[in-house]
Amino acid sequence: MNFTDAEQLASQLDASDTLASLRGQFDIPDGIVYFDGNSLGPLTYRSREVLTRTIEFEWRERLIRSWNEDWLAMPARIGNVLAPIIGASPNTVTVCDNTSINVHKALMSAVALRPDRTEIVIDINNFPTDIYIAQSVADQNNLTLIAVPADRIIESISERTAVVTATHVDYRSAQLLDAEGITLAAHSHGALVVWDLAHTAGAVPFDVTALDVDFAVGCGYKYLNGGPGAPAFIYVAPRLLDTASQPLQGWWGHEFPFEFETSFRPAVGIDRYLTGTANVLSMKSLEAALEIFSGVSMVELRAKSQSLTTFFIDLFDAFLAEKGFSLGTPRDPESRGSHVALGFAGGKALVETMAEQGVIADFRPPDLMRFGCAPLYNSHMDIVHLVKMLAAR
Ligand SMILES: *Cc1c(COP(=O)(O)O)cnc(C)c1O
């Protein structure tokens with residue numbers, strides 16, 4: 001294969017891409033090819049429009065009346081828009097805080113539901129914030145944190161385990177964890193699971209209902225494109241919603257926040273996972289960006305994502321394998337999420353140079369370059385452009 005062949009192939013694949021028109025919903029600057037949607041999704045035209053209306057009308061004109069007219073209902077409303085993306089039923093997802101805080105709430109809820117247990121099991125390669133939070137939850141509850149590689153999670157679960165937590169798509173390698181096996185193993189030992197869907201939601205199908213997951217959390221600003229600092233989400237299985245408590249009791253999680261009672265009574269259902277005032281502007285941006293997902297099936301998104309990452313790996317074999325790059329992502333498309341990682345000594349400097357030339361990716365120490373292949377806006381031709389630049393470095 002030479003680059004002319006690669007371009008021809010990319011043109012064919014892009015021409016038969018049923019999601020190709022969605023690229024037009026994103027305001028990606030001319031001259032930029034964006035491969036970092038796994039860290040920060042790009043701006044949508046719809047978010048800009050909704051934010052402008054929120055500022056000019058809801059905030060400037062309606063002022064405090066907007067809370068009752070719209071804003072108070074947002075966490076639950078946006079939770080219901082997000083729910084189908086992770087296979088959740090209505091009124092089981094809410095949108096609030098950030099992923100770190102939601103991991104904390106979910107883990108504290110889980111250990112409170114298993115008071116006789118002494119251990120938390122975590123993927124040792126989990127994103128660091130998840131590990132820090134799990135360690136703090138373990139410390140606060142006198143539990144032992146058992147940190148093991150993903151392929152040893154199942155054998156590490158026992159009658160001592162209160163909760164198992166892991167991220168479905170590894171943030172470095174894009175390796176997909178065995179969500180079904182791990183969830184089943186946890187349940188068979190009477191333990192609960194908290195899945196972090198930070199690199200899943202919006203790019204990789206996940207079905208919290210079919211898997212009978214207990215808790216799930218994830219980011220609003222990665223593949224969901226909610227904007228910098230967009231709120232995260234939290235899912236709690238309906239069977240737990242009446243009994244679970246969360247540690248950050250605040251007025252937004254009260255049954256009747258506007259009665260200003262001095263004692264806390266948790267709201268019915270998922271609302272009890274709220275704590276304080278919503279970040280309205282970020283919520284609005286996320287809600288607007290989520291509109292793109294209506295009418296798009298997760299099956300289509302997954303097929304496109306796999307087509308992009310497979311094409312990337314084919315080009316890696318043809319052009320990059322012999323130039324000092326190594327593949328850091330599973331070759332089996334069923335075993336990987338939506339980004340491709342390449343090992344490269346000097347990757348940090350290369351990512352910086354490429355950004356100056358309009359191709360944006362990211363870098364994770366010690367030597368991993370990451371390329372998010374977002375099915376909503378990346379094309380196969382974007383990948384040819386990227387690989388050409390990498391090959392010419
Ligand atoms: C991106 C990411 C986070 C980010 O957490 P914040 O609290 O939103 O900063 C957490 N966990 C995982 C697995 C992530 O990939």
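What follows looks at the ligand site and at one sheet with its neighbouring helix, all taken from a predicted model.

The ligand first. A shell of 13 residues surrounds it, and Ser 100, Asp 130, His 199, Tyr 221 and Lys 222 come nearest. Some of these make polar contacts through their side chains. For Ser 100, a side-chain N or O atom sits 2.6 Å from an oxygen atom of the ligand. Tyr 221 does something along those lines, with a side-chain N or O atom 2.8 Å from a ligand oxygen. With Asp 130, it is a nitrogen atom of the ligand that lies 2.8 Å from a polar side-chain atom. On its own, the ligand has 390 Å² of accessible area, and the protein covers 87% of that. As for the make-up of the shell, it breaks down into six polar, four nonpolar and three charged residues. Two helices, α5 (99-113) and α6 (128-140), each chip in with at least two shell residues.

Now for the sheet. Four strands form an open sheet in the order β9-β10-β13-β12, paired in antiparallel fashion. Since β9 (326-327) and β12 (362-364) are the edge strands and have a single partner each, one side of each is left without a neighbour in the sheet. Strands of a sheet, in general, pair through backbone hydrogen bonds. Between β9 and β10 (residues 339-343), the antiparallel pairing runs over two bridges, and Ser 326 has Gly 343 of β10 as its bridge partner. Helix α10 (residues 298-320) lies across β9, β10 and β13 (368-372), and runs at about 20° to β10.

Technical notes
Residues numbered from 1 in each chain as written. Predicted model: local features only at pLDDT ≥ 70, side-chain atom pairs only at ≥ 80, totals over all residues. Heavy atoms only, no water. Near = heavy atom within 4 Å. Polar contact = N/O pair within 3.5 Å; in protein donor to acceptor, adjacent residues only side chain to side chain. Areas by Shrake-Rupley, 256 points an atom, 1.4 Å probe, with all protein chains shown as cover. Nonpolar A, V, L, I, M, F, W, Y, C, P; charged D, E, K, R; others polar. Pairing = 2+ DSSP bridges. Contact = heavy atoms within 4.5 Å. Axes fitted to C-alpha atoms, helices over the stretch in contact; angles between N-to-C directions.
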